[in-house]
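Dear colleague,

Please find below the structure I wished to hand over to you, together with its sequence. A summary of what was found in it follows.

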Amino acid sequence: MRRAPGDLLVHLRRARDYADLHYRDPLDLAHLAGVAGLSKYYFQRMFTATYGLSPAAYVSQRRVERAQDLLRATNLTVTEVCVAVGFSSLGSFSSHFREVVGETPSDFQRRWAASGAPHIPGCFVFMWGLAERRASQEKHGGGAPS
């Protein structure tokens, strides 16, 4: 496949940046294509050709990267991390995490816990996430969540 022309990159970056900010939310192809202002099939082809991953694979990768951060730095359970990063199924989260990272989320967390680094309390992580979401919604004119 060929790489996207420069004027198209603006649209693809807009969708990629949106996915980076909203990885916790349910994101489907139609929604990301709408953010980019492109038809979903054209968006799928051009995004994959440009970034080497389908939009769905890109979102999943971002979720796993964030899950690694949370498993390393917090005292959240694997289930809490799964939900916090936007996966709806613990089984799919665990299998995808293992496929990407090479070990289960529990093994990853245990290995990092053994390093003795202090952990951020989970309640702080959830409060910070809520505050971050509210600020984003207010910035984009959505108001505070109910």
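**Helix 4 and helix 6**

Helix 4 and helix 6 are roughly perpendicular to each other, and this is read from a predicted model. Their axes, for residues 55-73 in helix 4 and residues 90-101 in helix 6, come within 10 Å and cross at roughly 90°; the crossing therefore falls in the range of 65 to 115 degrees that counts as roughly perpendicular.

On the side of helix 4, the contact is made by S60, Q61, V64, A67, Q68 and L71, which meet F93, H96, F97, V100 and V101 of helix 6. By character, the residues of this contact divide into 7 nonpolar, 4 polar and no charged.

V64, a residue of helix 4, may merit your attention. Its relative accessible area is 1%, and V64 is buried because the cut-off for that class is under 20%. Beyond its neighbours within four places in sequence, V64 is in contact with F87, H96, F97, V100 and V101. The C-alpha atoms of V64 and C82 lie 9.0 Å apart, with the two positions 18 residues apart in sequence numbering.

As to the chain overall, its secondary structure consists of 8 helices and 0 strands. Of its 146 residues, 33% count as buried. The accessible surface comes to about 8,500 Å², and carbon and sulfur atoms account for 56% of that surface. Among contacts in the chain with a separation of 6 or more, 57% are between residues 24 or more positions apart.

With kind regards

Notes: Residues numbered from 1 in each chain as written. Predicted model: local features only at pLDDT ≥ 70, side-chain atom pairs only at ≥ 80, totals over all residues. Heavy atoms only, no water. Axes fitted to C-alpha atoms, helices over the stretch in contact; angles between N-to-C directions. Helix = DSSP H or I, 4+ residues; strand = E, 2+ residues; numbered from the N terminus. Parallel < 35°, antiparallel > 145°, perpendicular 65-115°, else oblique. Contact = heavy atoms within 4.5 Å. Nonpolar A, V, L, I, M, F, W, Y, C, P; charged D, E, K, R; others polar. Buried < 20%, exposed > 50% of the residue type's maximum accessible area, 1.4 Å probe, protein only. Areas by Shrake-Rupley, 256 points an atom, 1.4 Å probe, with all protein chains shown as cover.
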